[in-house]
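Colleague: I'd like a close look at a single part of this one, the way a pair of helices packs together, and then whatever you can tell me about what surrounds that part. Could you walk me through it?

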Amino acid sequence: MENSNKKGRRIALYIILAVLGIALLAMICYLLKDNKKVLRFLDVLINSGGYVKVLEGLRNTATIAILGLVIGIVIGTLIATVRVIPKYKLLPRVLNGICSFYVGFFRGTPMVVQLLLFYYVMLPLMGINMSGVNVSILVFGLNSGAYISEIMRAGIQSVDGGQMEAGRAVGLSFPTTMLNIVIPQAVKNILPTLGNEFITLIKETSVVSFVGAADLYVAFNMIGSNSYEFMVPYLVMAMIYIVIIMLITLGIKLMERGLKKSDRRN
Amino acid sequence: MIDVIDLKKSFGSLEVLKGINVTINKGDIVCVIGPSGSGKSTFLRCLNCMEDPTGGQIIFHNVNIADMKVDINIHRRKMGMVFQQFNLFNNKTVIQNIMLAPVKIGVSDLRRAKRHNFFLPLTNLLRGKDKKQAKIEITATEQQIKAEAREKALSLLRRIGLEDKADVYPSTLSGGQKQRVAIVRALAMNPEVMLFDEPTSALDPEMVGEVLDLMKELANEGMTMVVVTHEMGFAREVGSRILFMDGGYILEENAPAEFFANPQHPRTREFLSKVL
């Protein structure tokens with residue numbers, strides 16, 4: 001059973017690689033035939049300072065995604081914890097209501113709409129002046145917090161209830177047990193899903209130009225308009241995204257292996 | 001030490017405990033037996049409020065710990081608990097499992113004491129003349145607390161012959177080893193009473209002996225124990241009192257020799273004829 005599964009996976013991998021290879025080959029052939037486009041792109045990229053924009057865009061994309069994820073994990077963990085607290089008392093019930101509303105709002109509206117709402121409505125009303133990048137970090141954090149809260153809740157519920165009981169039985173408080181015992185195990189269980197969320201965040205950063213933050217898309221769009229040619233810049237942009245995300249996937253795999261050490265049998 | 005007065009517990013409309021009255025004295029080894037569904041595990045879990053009782057009182061050191069206003073965490077430190085499914089912390093090594101509670105609780109008490117002392121001049125200013133509070137004496141630093149907990153954990157592991165397993169994760173231990181670690185984890189807090197919830201029911205028959213031996217040792221040292229068990233041999237040999245429960249009541253309570261030789265209640269007789 002396992003053997004045939006492995007074999008099937010390998011065949012699928014070969015097919016995908018073949019298709020990708022053919023597509024890449026076709027593109028390269030096309031561009032070599034029409035190499036003016038490549039030259040024009042390289043000219044803008046190198047001589048007219050396009051690479052500065054690209055690096056800046058990369059930096060902004062990375063900052064927004066990483067800080068967004070960090071804020072999201074903190075908010076998500078807090079919300080998830082509130083949602084698993086036993087609800088006999090009034091306070092947990094009120095908090096739970098607030099959290100439901102929060103999650104409902106951020107999952108119920110598109111990221112672009114949230115960005116626009118914050119940048120053009122909420123912050124001006126509150127009289128706060130914030131750069132596009134900072135607003136993006138905030139909104140990405142709040143947004144991913146809503147998604148991560150659900151992921152984290154599933155993670156917490158996947159940890160055996162006996163772990164919490166054992167912690168409480170030796171006299172540790174609910175928050176201490178949660179933080180030291182349950183959440184570390186929950187995080188281990190949800191790491192693949194959390195990685196997915198990070199990848200989504202990175203890709204979603206391509207909408208921050210709506211509030212004037214310069215990300216990768218803005219950089220390549222500028223290069224395109226300066227060279228009157230969009231084919232190569234957008235192709236390169238797509239490749240950069242793919243490479244970033246492959247690296248992250250690899251990183252998550254390594255982390256998972258590191259965290260698995262408490263499952264090993266020797 | 002523990003007085004249980006008219007203890008009641010319902011899950012929704014299902015009434016599991018219908019009024020339990022029992023006194024557990026210092027040094028008692030109380031074995032609770034009975035058919036499944038009789039409420040014996042629920043009774044044990046109510047003793048340290050793992051399940052909040054729906055009625056009645058549990059008096060531990062003159063405090064009714066069934067009262068929701070009581071800070072239960074402080075009282076639970078003095079009541080060790082051992083579970084059927086071991087429940088070792090999977091993300092911690094064996095020694096961390098044992099050290100965790102003493103270190104966390106020691107350090108948080110230390111910090112609270114420091115905070116108290118720091119704000120004392122200010123808070124005393126607001127208190128009436130005869131209500132002034134004294135400084136809490138600080139006897140150890142955080143490092144000392146940690147070192148002490150480590151020392152204690154190692155000596156506990158030595159006692160059960162598992163010092164070489166100190167730095168492995170629980171997933172590598174056998175069931176019997178896990179349960180023995182779970183027992184010393186509870187001992188690390190120097191409890192006054194140990195609660196055992198069917199400690200050998202999830203073990204291979206081969207490993208039951210090592211766990212029971214450790215429990216016997218504890219009993220001989222004079223530890224107060226409440227043991228929910230199906231091991232009649234253990235109950236007869238080690239127990240100082242047997243409680244027989246069925247249908248949410250304690251039907252019979254007696255010394256083991258008398259209990260097994262001469263059961264009074266018809267339900268007890270029926271149960272014993274099936275299990276012995």
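Modeller: Sure. Let's begin with helix 5 of chain A and helix 6 of chain A, whose crossing is right-handed. Keep in mind that this is a predicted model. The two helices pack with their axes 10 Å apart, at an angle of about 125 degrees. An angle over 115 but not over 145 counts as oblique, so helix 5 of chain A is oblique to helix 6 of chain A.

Now the side chains. From helix 5 of chain A, the residues involved are Met111(A), Gln114(A), Leu115(A), Phe118(A), Tyr119(A) and Leu123(A). They meet Gly132(A), Val135(A), Ser136(A), Leu138(A), Val139(A), Phe140(A), Leu142(A) and Asn143(A) of helix 6 of chain A. By type, the contact of helix 5 of chain A with helix 6 of chain A has 10 nonpolar residues, four polar and no charged.

Leu142(A) leads on to the next piece, as Tyr102(A) touches Leu142(A) too. Outside its neighbours within four places in sequence, Tyr102(A) is also in contact with Ile75(A), Ile79(A) and Ala146(A). Which residues touch the most other members of the largest nonpolar core? Tyr102(A) and Ile156(A) do, in a core of 59 residues. Helix 5 (111-126) and helix 6 (132-158) of chain A are among the elements that give two or more residues to this core. The others are helix 2 (36-47), helix 3 (50-84), helix 4 (90-108), helix 8, helix 9 (216-227) and helix 10 of chain A. The biggest giver is helix 8 of chain A, with 12 residues. There's also a second, separate core of 50 residues, and it includes Ala166(B), Val184(B), Met225(B) and Ile242(B).

Since helix 8 of chain A gives that much, its own packing is worth setting beside the first pair. Helix 8 (residues 174-204) of chain A and helix 10 (residues 231-259) of chain A have axes that come within 10 Å and cross at roughly 165 degrees. That makes helix 8 of chain A roughly antiparallel to helix 10 of chain A. Their crossing is right-handed. On the helix 8 side of chain A you'll find Lys188(A), Leu191(A), Pro192(A), Gly195(A), Phe198(A), Ile199(A), Ile202(A) and Lys203(A). They meet Tyr241(A), Ile244(A), Ile245(A), Ile248(A), Thr249(A), Ile252(A), Met255(A), Glu256(A) and Leu259(A) in helix 10 of chain A. In this contact of helix 8 of chain A with helix 10 of chain A, 12 residues are nonpolar, two are polar and three are charged.

Helix 8 of chain A has another job in the picture: it is among the elements covering the buried residues of helix 7 of chain A. Helix 7 (residues 161-169) of chain A is mostly covered, with seven of its nine residues buried. Those are Gly162(A), Gln163(A), Met164(A), Ala166(A), Gly167(A), Arg168(A) and Ala169(A). The cover also includes parts of the other chain, namely helix 2, strand 6 and helix 5 (175-187) of chain B. Gly171(A) follows helix 7 of chain A and has a positive phi, near 100 degrees.

Further along chain A there's a backbone angle you may want to look at. Tyr228(A) is not a glycine, yet its phi is positive, near 55 degrees. Tyr228(A) sits in the loop between helix 9 and helix 10 of chain A. Is it buried or exposed? With a relative accessible area of 72%, Tyr228(A) is exposed.

Over in chain B, helix 2 (residues 72-76) holds His75(B). Relative accessibility there is 15%, so His75(B) counts as buried. Setting aside neighbours within four places in sequence, His75(B) is in contact with Phe60(B), Val63(B), Ile65(B) and Val70(B). Gln85(B) lies in the loop between strand 6 (79-82) and helix 3 (94-126) of chain B. Gln85(B) is exposed, at 51% relative accessible area. Its C-alpha atom is separated by 9.1 Å from that of Gly175(B), 90 residues apart along the chain.

To round off chain B, it has nine helices and 10 strands, and buried residues make up 53% of its 276 residues.

Definitions and conventions:
Residues numbered from 1 in each chain as written. Chains lettered and ligands numbered in written order. Predicted model: local features only at pLDDT ≥ 70, side-chain atom pairs only at ≥ 80, totals over all residues. Heavy atoms only, no water. Axes fitted to C-alpha atoms, helices over the stretch in contact; angles between N-to-C directions. Helix = DSSP H or I, 4+ residues; strand = E, 2+ residues; numbered from the N terminus. Parallel < 35°, antiparallel > 145°, perpendicular 65-115°, else oblique. Left-handed = near helix turned anticlockwise from the far one by under 90°. Contact = heavy atoms within 4.5 Å. Nonpolar A, V, L, I, M, F, W, Y, C, P; charged D, E, K, R; others polar. Buried < 20%, exposed > 50% of the residue type's maximum accessible area, 1.4 Å probe, protein only. Core = buried A, V, L, I, M, F, W, Y, C linked by side-chain atoms within 4.5 Å.
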